[in-house]
Amino acid sequence: MQITLNNRKEEFDRSTMTVRELLDEKNFTFKMLVVKINGQLVRKEDYEKAVISEGDDVSVIHLISGG
Amino acid sequence: MQKKSFEEIRTILACKTVGIAGAGGLGSNCAVALARVGMGRIITADFDTVSESNLNRQYFFKDQVGMKKVLALKENIARINPEVMVEAFDIKLDPLNIPQIFGDCDVIVEAFDLAAMKLMIAETVLERMPGRILVMGSGVAGYGNNDAIKTVKSGNIFICGDQENETGENLPPLAPRVGIVAGMQANLVMEILLG
């Protein structure tokens with residue numbers, strides 16, 4: 001499937017994946033992330049359940065301490 | 001670049017309200033920048049007091065150590081531009097009070113230090129204040145590497161910073177880089193409000 005991840009096209013060799021699988025595969029290791037699928041917030045407790053499929057617009061934002 | 005005289009800019013901004021969540025390194029510097037250009041109303045919220053260790057980056061003075069940050073900030077803005085209406089909330093922000101305190105803001109600036117608090121306000125704005133624009137800071141620690149600092153957009157959320165360097169023992173947040181990001185946040189607020 002092809003999705004948009006952080007405004008860039010990405011290809012994956014499967015038809016769906018969970019948010020958790022995406023984060024593992026793309027090595028998003030920061031603890032504090034804002035994840036959105038098509039603009040809809042996905043909370044941490046739903047990472048295993050939320051499914052990403054063909055054409056989805058996914059946004060993953062790192063939040064880092066300091067200010 | 002949109003061109004407007006300072007008079008035009010001031011006239012438009014005088015009718016606008018910005019909410020700034022946190023009055024530390026990002027919040028104090030962003031608020032002061034927006035006050036200087038004539039923001040009509042600034043709503044600031046923070047529970048902390050000014051300490052000696054804040055003075056390496058935050059817009060406070062040595063004789064303000066021990067004061068509540070929001071009151072010290074209000075005092076400093078009044079000295080710079082007394083026409084700005086500053087509403088200061090000495091409170092710890094949470095998902096319940098954020099929509100109340102920042103409910104009528106044209107734009108909200110996230111200016112916390114802890115990542116967990118940044119996540120909290122992002123989730124709160126996305127879920128409880130749909131459509132509201134949130135300007136965040138993420139990745140400000142250390143020094144140097146100017147060109148790594150950028151702005152990324154995701155829907156109604158903008159994130160300024162390098163998205164990489166987290167505060168730590170050997171990576172302190174310091175005036176230049178924190179000031180750059182606070183300035184970028186203020187600059188983006190102007191762009192959003194002025195078009």
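**Exercise 1.** In what order do the 5 strands of the open sheet in chain A lie?

*Solution.* Before the steps, the conventions are needed. The model is predicted, and local features need pLDDT of at least 70, side-chain atom pairs count only at pLDDT 80 or more, while totals for chains, interfaces and linings use all residues. Residues are numbered from 1 along each chain as its sequence is written, and chains are lettered from A and ligands numbered from 1 in the order in which they are written.

Step 1. Helices (H or I, at least four residues) and strands (E, at least two) are DSSP runs, numbered from the N terminus. Two strands pair if DSSP finds at least two bridges between them.

Step 2. The order is 2-1-7-4-5, and the pairing is mixed. Strand 2 (8-11) and strand 5 (40-42) of chain A are the edge strands, since each pairs on one side only. Neighbouring strands of this sheet are turned by 30° against each other on average, direction ignored; the axes behind such angles are lines fitted to C-alpha atoms, for helices over the stretch in contact, and angles run from 0 to 180 degrees between N-to-C directions.

Step 3. Strand 1 (residues 2-5) and strand 2 of chain A run antiparallel and are joined by 4 bridges. A:L5 stands opposite A:R8 of strand 2.

**Exercise 2.** Describe the surroundings of A:I3, a residue of strand 1 of chain A.

*Solution.* Step 1. A residue is buried if 20 or more other C-beta atoms lie within 10 Å of its own, exposed if 12 or fewer, and partly exposed in between, with C-beta atoms placed from the backbone. A:I3 has 19 other C-beta atoms within 10 Å, so A:I3 is partly exposed.

Step 2. Two residues are in contact if their C-beta atoms, placed from the backbone, lie within 7 Å. Not counting residues up to four places away in sequence, A:I3 touches A:E10, A:I52, A:G55, A:D56 and A:V58.

Step 3. A:K31 is 28 residues from A:I3 in sequence and 23 Å from A:I3 in space, C-alpha to C-alpha.

**Exercise 3.** Determine the span and the burial of helix 5 (residues 115-128) of chain B.

*Solution.* Step 1. The expected span of a helix is 1.5 Å times one less than its number of residues. Helix 5 of chain B has 14 residues and reaches 20 Å from its first C-alpha to its last, close to the 20 Å expected.

Step 2. Helix 5 of chain B is largely enclosed by the rest of the structure, because 10 of its 14 residues are buried. Among them are B:M117, B:L119 and B:I121.

**Exercise 4.** How many residues does each chain give to the contact between chain A and chain B?

*Solution.* Step 1. Chain A gives 14 residues and chain B gives 30 residues.

Step 2. On the side of chain A, strand 4 (33-37) and strand 7 (57-62) are the elements that give two or more residues. Strand 7 of chain A supplies the largest share, 3 residues.

**Exercise 5.** Where does A:N27 lie, and what is noted about its phi?

*Solution.* Step 1. A:N27 is placed in the loop between helix 1 (19-25) and strand 4 of chain A. A:N27 counts as exposed because it has 6 C-beta neighbours inside 10 Å.

Step 2. Most residues other than glycine have a negative phi. Phi of A:N27, however, is near 60°, a positive value.
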